[in-house]
Structure formats: structure tokens, C-alpha cells
Amino acid sequence: MRAIKTVKGNAIPLNRADVDTDQIMPKQFLKRIERSGYGPFAFFDWKKDPTFVTNNPAYAGAPIMLAQQNFGCGSSREHAVWGLEDMGITAVIAPSFADIFRNNCSKVGLLTIQLPQEDVDYLMSRAEELPGGNIVIDVAAQTVSVEGTAWSRHFDIDPFVKHRTLNGLDDIGLTLQHADDISKFEEGRPSLKPDTSRAFTDSLKIG
Amino acid sequence: MPKTIIEKIWEQHVVRQTAGEPDLLYIDLHLVHEVTSPQAFEGLRLSNRTVRRPDLTLATVDHNVPTTDRRLPNPDPLSAQQIETLRQNTKDFGIPLWDIFDLRSGIVHIISPEEGLTQPGMTIVCGDSHTSTHGALGALAFGIGTSEVEHVLATQTLPQMPPKTMSVEVTGKLGPGVTAKDVVLAIINKIGVDGGVGHVIEYRGDVIRDLSIEGRMTVCNMTIEGGARAGLVAPDEKTIEYLKGRPYAPQGEDWDKAVEAWKSLVTDEGAKFDTYVTLKGEEIAPFVTWGTTPAQSVPVTASVPRPEDAVSAAAKETAERALVYMDLQAGTPITKVSIDRVFIGSCTNGRIEDLRAAANVVKGKHVASTVRAMVVPGSGLVKQQAEKEGLDQVFKDAGFEWREPGCSMCLGMNPDILLPGERAASTSNRNFEGRQGAGGRTHLVSPEMAAAAAVEGHFVDIRGYK
Ligand code: SF4
């Protein structure tokens, strides 16, 4: 995954709660087998409304998205994260996130920053007022600030996710360093647990 | 120290624990389907990695498959390509696949319990958020994203932070006509769509104990709709009875040993949960969702709520948006809402007991002339069993379409979709905007309520419906 140290730029104010991943990436685009190119499909149905916020050219290329609580709820589709990533979003700031979405972001290299409601509301109202000015996110310092002002807030990030994000480390590679531990665990696994290898040969064909 | 069942299962699967890092958790079973796996296999190829434990992995096709005659070519070339990609990937990496002509294929969360692959105390993952379904048998089961799918394929483990625990207790007894679906809709209504974030839920109490294993699957299935990644029910005699004799359940001496191990999987007296929620079974009515989140629901006897009555400004705004999308007026009695389509199926309510319950309601009746209704069994085996019992004939005589198994109109990745503006009574789990087709409007209900709505053309209270 890519390394992220700082993010600087304006923010897209998506002032809605419970934005689900069906909205971020509708089902018809999940048929693709590629990993890239999802940006144009993000918020596909909402974008049909010309007043929808991502249609406003003032926000073109913004690296940050602001949203309300429980962002990314619903389906586990990582395609939602790929869509945001491909749109150029590097960080989403919201009062809360859905678990699977947040996890997916941490694997892809997209920051999810949780701030108290009043801080999100403040940033949201600034971003809605154009020109919104730059927001600066410093991952190492764990701060979100507004350029040219004294406004700055601390954010929490899991130390391990922080380490991986700053260094762009591949999660699988890290786990494979512990292959011996995995093998050892496997030796002690109860033999009663089911295995699927039989499924190759015991097929039950339809009539 | 007394422990919850969640902590017990967790501890049994920790491969490695280090301060400042997530626990490395071993995965007993990885279920794979066509939609969330292509990029994971691609990732393996790009980094020259193999699948560590193909023998703990099983693939099937469900999301994309047409529910019409399987022998005909797939009408959608992109879906066909995705299915073909899974065939190639499973072949290249040595993973067993239950393909569309295998009787045991079907919705991934239905087929694994059905074959006895889902067992108490296991860790189960799948690139699908409704993996929580498997918790009904006492497994710790949760949905993951595609990067995590790749991680599990390569290492059979996942780095995970220990979750918070939540006890959801449903006490007392359910009234007649009130089902597992209503129980879970009531729970989500109470805790909200993000009430369970960061938690794993243990469902407890007499109402949960009284539910069949399939009913428990319905409850666990919608755990994610309340924000929690996993929810489970501790194994009991019903669990053991359910598993006995299933093809992948332990046999002979192994069976006795396994049963003994399963019996220790209970929350100890005095163990503490991080969060407690209690509901009274007697107070739960058949529920109908009116909005665009699964928490926006009311008892069938109520009316569409007024946004002004919402608890917060944000909830008011969400409710206003939902009413516009759903084209509903606040104050309209739910029983006055008419529908165009009915969908009975999905991993929430596509099992044999669901079909029996719905067939029981429609037997000798006919679908209203204004309604198009379909039944999509959750798996090939569910379909076969239903046909053995003559349920297919009951549905067909009543004017329902009887389809081949799959996810179908639950998410409409195949041609089974709502047209813009169409309103559906659906036994599935998500009423998000456009979920069942762009511009479509979904009301989530139990199979009985969906069946009665199909006959009457509008919602009716199933209690006292003859
Ligand atoms: S039936 Fe619906 S919710 Fe269940 S796995 Fe299929 S698409 Fe997902």
C-alpha cells in the first residue's frame, strides 16, 4: 500500500449521516474484475443530481472528504474504498465510521479520521463556504489543522495502522514474517475441525 | 476469571500476541464468492504467493448468477466473466468450488451451515458482511474486505484488534405471528444502525433459545445492520441436533469429542460484557421498515413516523430524505401502503423454514393482480427440499414465480431488480437507496408478512390474518 505522511488540500463536504457502501459504489460496478478505475462510478446515483456536492467544480481534486456519522456502513465491498481512492481522496473525516469500511481503508491506505461532532461540523461549514481553504493532516503528529488559522485538533489512530500508513507497509508481508508461529499454531489445531478438500470429489450434480 | 464465549473463541485462535499490534487470529474456514475475490487472487499472482490452506477454503457463486434456467447462457457478459474468473482462480489455486450445477451451491451463508461446515467455536470469514449469519451455530464469523480476503488466502490468519463485547438479551416469549426477523428488526430499531460498532454481540435470553437454528441465523445475519461485525448464539442441544449427521460434521468418535468441546462454549457466570441491551419478547410486533436504513422501522400497527419526532436534528434530516426517496407521507398507516413487488429469499430468509412459513400463508390464495411476486430459494438443497414438500406448487398456484437459487433481488446484480419507483415487500436485509434496483423502494419484513402483502397488495398485520 502507499505511504501517507501528510495530506493537504480542500475538503468535499458530504453532509450526510449513514452513507452506506451501496451509495459509494453501486452494485453494477462490482462486476468488474479490475482493481483500478472505480473513481468515475463513486456515488453514481447521487451524482445524477447536478447539485450533488461532488459535481461542484470547486471541489475537483480535493484530497479530503468530510461526512457525518457511521460513514461506510453496510456491505463489505472494498470497491467503495477503491472508488474514493481513485477519485483522489486520501482521507475521510467523520464523527464515526463503520467497522469493515474502516478496516478496508487501513489496508488500502486511506486515512479515516474520527473527530468529535462539533469539530466535524466546524470543518463542514468551512468547506461548504467557498473557498474553503486548506485542511492539513499530519499523520506522525496525529493532528488535523486549518491552514492559516490556529485551529488544530488531535486525532487517535491505532499505533500499528499509523506505523503501516507512514511506511506504506504491506500487511501480508508483515504477517508472513511470522510464518513459523502460524505453522506452530497449525500443529496444535484440533483435528476435529472440518476441512473442505473432500468438496472436490463429492459433488452432487443437479438432476 | 469468568469469560464470555466471544473471549473464549478469540483466545483459542490467537496465533501471536504482541503489545501495540493487533492479535494475529487463525481462521478455520474461509468462504469465497465471485464478487469480492477477483482482485485478491490477482494480488496473490502479482506478489507470487500461494493459498496457504486450500483445504480450509470453499468457493461458490451466488451474487451474480441468474435465477432462470442455468443451462441457458448468462444474459450478462460481465457477470459471466466474473463467474468464469472465479472458476479459473479456484482451479489455479487449488480451491474447491461448488459451481452452479452443484446441488449444494447457493448463497454462501446458507450452504455452509447446511452442509455442516459451520460449527461451534470456529472462526469463519468471507468477503461479505453477512458472514455474521454463521454465528447462529456458535461460531465467530465476520465479513472482510478484498484486501483481507487476500490476506487470509495467503496466510490463513488475520491481524485483528480484540472487539468489545455486547450482550443483547431478548427475554420472555414472542407472540404468535412474530418471527426471528421481527426480533432482529426490533433490536436494530433499538440500538440504531451504528449501535454495535466495534462490538461482537452475543444474543441471549429465552426468546433466542426458543428460536430454531434457522431463526437464529436470521437474527445473526442482520447483526451487521446494527453496526456489529459479528453476532453469535452459544451452542445448545438444538445446535448439536442441527449438526448431527450433516455431511461435514464430525462423525463417530470424533462427534462425541466435538460435542464435548462445544458444550464448554458458554459465557461463564459473572463474565462481563462492555455493553448490555435488553428487549422484552412480548413487546415485539411484526415490523416493517419505512425508510432507507434498517433501523427506520415501525410495528405494522403503526404509521409512518413524522420526522419532527426524531431524536436529533441529524435523524430528522435523514428521515426527511428517506420519506422523499420512499415517496411516503408521514402519518400514513403502514397497512395502507401498497406494494408492486414481493421478494422472498436471501441469506436472511431464504431457508426451508422461511419458505414453509410463507407457503403456509399463501396456500389456497392468490397474489393480488397488482403485484409481481417471486420466491428464490437460498440454495439448491433448499429448493430440492421445498419441491419435495410441494411448496413450489403452492407458490406457483398462488401466482408466485419459482426461481433458481442465488442472491437475486436482494442486491440485484443479476436481472432480478426493481424498476425505478417500484415498491417491494422484501425478506432481505437492506433497504438502502437503490439496493434492489436504482430508484426502487424496499420495505423489509418477515416471510409471513411478505407473503400476506403479496396476496393483499398492501401490508397487513399477520396476526389474525386468515
Ligand atoms: S443474499 Fe443478499 S445479503 Fe446475502 S450474501 Fe447475497 S447479496 Fe449479500
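Twelve names make up the ligand's surroundings in this predicted model, counting residues with a heavy atom within 4 Å of the ligand: His63(B), Ile107(B), His109(B), Asp128(B), His130(B), Ser346(B), Cys347(B), Cys407(B), Cys410(B), Leu411(B), Asn429(B) and Arg435(B). Local features need pLDDT of at least 70 and side-chain atom pairs 80 or more, while totals for chains, interfaces and linings use all residues. Side-chain values use heavy atoms, without hydrogens and water.

**Ligand shell**
- By class, the shell holds five nonpolar, five polar and two charged residues, with Cys counted as nonpolar, Gly as polar, and Asp, Glu, Lys and Arg as charged.

**Chain A with chain B**
- Here, 65 residues of chain A touch 91 residues of chain B (heavy atoms within 4.5 Å).
- The two chains bury about 6300 Å² between them, 57% of it on carbon and sulfur atoms (accessible area, 1.4 Å probe, lost on being put together and summed over both).
- Eight salt bridges are counted between chain A and chain B (a Lys or Arg side-chain nitrogen within 4 Å of an Asp or Glu carboxyl oxygen).
- Arg435(B), one of the residues around the ligand, forms a salt bridge with Asp22(A), and their closest N and O atoms are 3.1 Å apart.

Notes:
Residues are numbered from 1 along each chain as its sequence is written. Chains are lettered from A and ligands numbered from 1 in the order in which they are written.
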